[in-house]
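Welcome! Please work through the exercises below with the model open beside you, and try each task before reading its solution.

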Amino acid sequence: MTSQAADGPETVAASRRSKITPEREQEFFDAVLEQVRACGYDSVTMEGVAATTRCSKATLYRQWKTKPQFVAAALRASRQTRFDGIDTGTLADDLREAARAAGAWSAKDTRLLQALGHAVMEDPELKKALREALIDPEIDALRQILRRGVERGEVAADNPALEYIPAQIFGVLRARPVLEGEDADPEYIVRFVEAAVLPTLGLT
């Protein structure tokens, strides 16, 4: 019996996967997400990503099996909380800083969300990965910012607006490209926060 046979198919598959370095894997993830943004989810193929990254499509299929699994893995690998480290000492300034951070990446993430719009409704795993990568971390971070403001006594814990602040901020990020044909850049989001968010919390 050969060593490969003794190891079994799962061990052999793991050995093959181990040949992909983390840097190379990230290159694959970047390529597939960029193609989703540029062409739309339905137009992306494993063959197209293989051509872009100069690898065989067998390499991608061996690693991820299907396009939804591949895109879901890429989304999870891209997870980051862009509001990390925001703590200016006041809720108003924290929300302004969060607005600047949100505006800085809004164009890239909005295109990705729009491109995945229909696909995530059809594939629960893809939807879960999208939430884990781009939505839940940011909402949780915003809620922590708001919680600190409550703990400092800047806003009452029973202020009814607190529940809706994440929806306000993320809503305008998604809505402006549709309503006005422009991305919600940092300057725009800061103006929105100062005009619509801070007053609802009783802040100036």
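## Exercise 1: Two loop residues

Arginine 54 sits in the loop between H4 and H5. Keep in mind that this is a predicted model.

**Task.** Find out whether arginine 54 is buried or exposed, and what sign its phi has.

**Solution.**
- Step 1. The relative accessibility of arginine 54 is 78%. Exposed means over 50%, so arginine 54 counts as exposed.
- Step 2. Its phi is near 55°, which is a positive value in a residue other than glycine.
- Step 3. For background, most residues other than glycine have a negative phi.
- Step 4. Now look at lysine 65, placed in the loop between H5 and H6. Phi of lysine 65 is near 70°, again a positive value in a residue other than glycine.

## Exercise 2: H3 against H4

**Task.** Describe how the axes of helix H3 and helix H4 cross, and list which residues meet.

**Solution.**
- Step 1. Two packed helices are described by the angle between their axes and the distance between the axes.
- Step 2. H3 covers residues 22-39 and H4 covers residues 46-53; their axes come within 10 Å and cross at roughly 125°.
- Step 3. Angles of 65 to 115 degrees count as roughly perpendicular and those over 145 as roughly antiparallel. H3 and H4 are therefore oblique to each other.
- Step 4. The crossing of these two helices, H3 and H4, is right-handed.
- Step 5. From H3 come Arg24, Glu27, Phe28, Ala31, Val32 and Gln35, and they meet Gly48, Val49, Thr52 and Thr53 of H4. Sorted by class, the contact of H3 with H4 has four nonpolar, four polar and two charged residues.

## Exercise 3: Aromatic rings

**Task.** How many aromatic pairs does a search of the whole structure find, and how are the rings of phenylalanine 28 and tryptophan 64 arranged?

**Solution.**
- Step 1. The search of the whole structure gives five aromatic pairs.
- Step 2. In the pair of phenylalanine 28 and tryptophan 64, the ring centres are 6.1 Å apart and the planes are at 85°, so the pair is edge-to-face.
- Step 3. Phenylalanine 28 belongs to helix H3 and tryptophan 64 to helix H5 (residues 57-64), so this pair ties together parts that are 36 residues apart in sequence.
- Step 4. Check the accessibility: phenylalanine 28 has 1% and counts as buried, and tryptophan 64 has 7% and counts as buried.
- Step 5. Tryptophan 64 also pairs with phenylalanine 70: the ring centres lie 4.5 Å apart with planes at 15°, so that pair is stacked. Phenylalanine 70 is buried, as is tryptophan 64.
- Step 6. Put together, ring pairs link Phe28, Phe29, Trp64 and Phe70 into a cluster.

## Exercise 4: H7 and its partners

**Task.** Work out how H7 is oriented to H9, and how H3 and H7 are oriented to each other.

**Solution.**
- Step 1. H7 and helix H9 (residues 165-180) pack at an angle of about 50°, and their axes are 9 Å apart. That makes H7 oblique to H9.
- Step 2. The crossing of H7 and H9 is right-handed. By class, their contact has nine nonpolar, four polar and one charged residues.
- Step 3. For H3 and H7 the angle is about 75° and the axes are 8 Å apart. H3 and H7 are therefore roughly perpendicular to each other.
- Step 4. Leu33, Val36 and Arg37 of H3 meet Lys108, Arg111, Leu112, Ala115 and Leu116 of H7. These residues divide into five nonpolar, no polar and three charged.
- Step 5. Arginine 96 is also in helix H7. With a relative accessible area of 15%, arginine 96 is buried. Leaving aside neighbours within four places in sequence, arginine 96 is in contact with Val190, Val193, Glu194, Leu198 and Thr204.

## Exercise 5: Contacts of a threonine

**Task.** Which residues does threonine 81 touch, not counting residues up to four places away in sequence?

**Solution.**
- Step 1. Threonine 81 lies in the loop between helix H6 (67-77) and helix H7 (91-122).
- Step 2. At 23% relative accessibility, threonine 81 counts as partly exposed.
- Step 3. Threonine 81 touches Pro137, Glu138 and Ala141, with residues up to four places away in sequence not counted.
- Step 4. Threonine 81 and proline 137 are 56 residues apart in sequence, yet 5.6 Å apart in space, C-alpha to C-alpha.

How values were computed
Residues are numbered from 1 along each chain as its sequence is written. This is a predicted model: local features need pLDDT of at least 70, side-chain atom pairs count only at pLDDT 80 or more; totals for chains, interfaces and linings use all residues. Side-chain values use heavy atoms; hydrogens and water are left out. Axes are lines fitted to C-alpha atoms, for helices over the stretch in contact, and angles run from 0 to 180 degrees between N-to-C directions. Helices (H or I, at least four residues) and strands (E, at least two) are DSSP runs, numbered from the N terminus. Angles under 35 degrees count as roughly parallel, over 145 as roughly antiparallel, 65 to 115 as roughly perpendicular and the rest as oblique. A crossing is left-handed if the near helix is turned anticlockwise from the far one by less than a right angle, and right-handed if clockwise. Contact means heavy atoms within 4.5 Å. Ala, Val, Leu, Ile, Met, Phe, Trp, Tyr, Cys and Pro count as nonpolar, Asp, Glu, Lys and Arg as charged, and the others, Gly among them, as polar. Rings of Phe, Tyr and Trp (its six-membered ring) pair if their centres lie within 6.5 Å; planes under 30 degrees apart count as stacked, over 60 as edge-to-face and the rest as tilted. Buried means under 20% relative accessible area, exposed over 50%, partly exposed in between (1.4 Å probe, protein chains only).
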